[in-house]
Amino acid sequence: MQSVLVLDFGSQYTQLIARRVRELGIYSEILPYNASPESIREHNPRAIILSGGPTSVYDESAILPDKGIFSLGIPILGICYGLQAIAKHFGGEVASSAKHEFGRAKILVNHDGEHESPLFRNIPDSDVWMSHGDKVVRLPEGFRVTASSDNSEMCAFESFGSKGALKIYALQFHPEVQHTLYGKQLLSNFLIDIAGIKPDWSSKSFIDHQIAEIARKAGEEKVICGISGGVDSTVAAVMVGKAIGKQLHCVFVDNGLLRKNEATKVMSFLSTLGLRVSLVDASDLFLKRLKGVASPEKKRKIIGRTFIQIFEEQMKGEKFLVQGTLYPDVIESVSVKGPSETIKSHHNVGGLPKRMKLKLIEPLRELFKDEVRAVGRELGIAEDILMRHPFPGPGLAVRVLGSITKERLDILRDADEIFIEELKSSGLYSQVWQAFAVLLPVQSVGVMGDKRTYENVLALRAVESTDGMTADWAPLPHEFLARVSNRIINEVRGINRVAYDISSKPPATIEWE
């Protein structure tokens, strides 16, 4: 399978580059910005893309790619910071721009008949998406300008002449962002026409590759899988099951942090998938360890370590642990690729203990949620399972803000069930990416039956998204929200006020903790 490597310099759009490449039917992986030529050769890519980044190439602490990558003979495309890194490496000059360029801009393409750029073939002057405060002020020798904008006279350039054999191309703007009108065509021109990559990646090819890799990695060893009933762990378990069959033992842990009647529902539908699943009730242990803990980071780490302890106690000679880790979990938890910021430790990534008896198998680690669902469909998993809203690994521990008690969990469970029930009955459940209730560590004054109350405040959250990396709050109908609020206040004892969260990601995250 032919592939593309994206070197991550810390851009917020790096994962979007990988997504756009896959949408062209080409497999992509993300490596750190300083990946060595040797490690790149091991991946045997047909092309390399240098991402954007938040720093400046002229700073003393500038992060730059290994110089050896430019001698690999592999076509390279630099985007934003990637363009500036290319300019610096080949002797050009980058400086702070007097006028910054953020948002939409119009580029003028240099359509020179004799020397027309293959990158801009069939692409007219058009709107693009810019996000930079620096620009190239002197072009490196052996390169020519292929496009310009009002603020960036050299917003695209490429190697030519004696350096033309290097096949190095650079864009100051972001072709991976939807606002760049011909961005997908630009990427197609680079990957398919210039790099000569055959688009052969699909959900089926991904599954075939992963099944072979899982079987190779596991060998004859037994494998244990932590399964939650959510989309990610279910798809991961089914895929691993196809690779190693009866060597797989799934464990569903009731940690006391699940939704109402969740354990019964999950065990019921897991039984239809042909998986061997054991139920472990560890709710008392989790709640005991979480008693008095209010910090969300501490909650996640306690939960992650406790899960691993239970899995290790359930081991019957297994050497590997399967997890349904996705790419958004990874990039929010730890800066594994480039110098991106840690947002929060996901229990299955940053919350894991440093020393584990089990080695990890994470077949979905480089995928986004919509890609996981497509893989699940290819595996024959029922649509009602695949379209379940995401549920955090730490469960309701990160939806009961502040200290956790069984009483507060039960209040939240009852309220959340009403919200989801109303979404489904109103036909709105499938229209939002994720919806849930959050119990706040706040009490407010109310009046019920002519008596003063001082009860809990509940927040409702519903968002629209495609991959969980960004999200907008869902504009649910006022009549619907009024009905849900009325039901919760009347049916759930301990709540006298309901609020609706209208924050987007960023600046907020989808979950509150």
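This is a short chat about strand β7 and residue Asp8 in a predicted model.

Me: Let's start with β7. Which residues does strand β7 cover, and how many of them are buried?
Reply: Strand β7 spans residues 143-149, and 5 of its 7 residues are buried. That is why the strand is largely enclosed by the rest of the structure.

Me: OK, and how many bridges does β7 make with strand β5?
Reply: There are 3 bridges between β7 and β5, which is residues 93-109, and the two pair in the antiparallel sense.

Me: Which residue in β7 stands opposite Val109?
Reply: That's Ala147.

Me: What about β8, how many bridges there?
Reply: β7 and β8 (residues 156-159) are joined by 4 bridges, and they run antiparallel. One pair to look at is Val145 with its bridge partner Phe157 in β8.

Me: How many residues link β7 to β8?
Reply: The two strands are joined by a hairpin, and 6 residues make the connection.

Me: Switching topic: where does Asp8 lie?
Reply: Asp8 is part of strand β1, residues 3-8.

Me: Is Asp8 buried or exposed?
Reply: Buried: Asp8 has a relative accessibility of 4%, and the cut-off for buried is under 20%.

Me: So what does the Asp8 side chain reach at 2.7 Å?
Reply: The backbone nitrogen of Gly10.

Me: And which side chain does Asp8 contact at 2.8 Å?
Reply: Thr14, through a polar contact between the two side chains.

Key
Residues are numbered from 1 along each chain as its sequence is written. This is a predicted model: local features need pLDDT of at least 70, side-chain atom pairs count only at pLDDT 80 or more; totals for chains, interfaces and linings use all residues. Side-chain values use heavy atoms; hydrogens and water are left out. Buried means under 20% relative accessible area, exposed over 50%, partly exposed in between (1.4 Å probe, protein chains only). Two strands pair if DSSP finds at least two bridges between them. A polar contact is a pair of N or O atoms within 3.5 Å; within protein, one must be able to donate a hydrogen and the other to accept it, and residues adjacent in sequence count only if both atoms are side-chain atoms.
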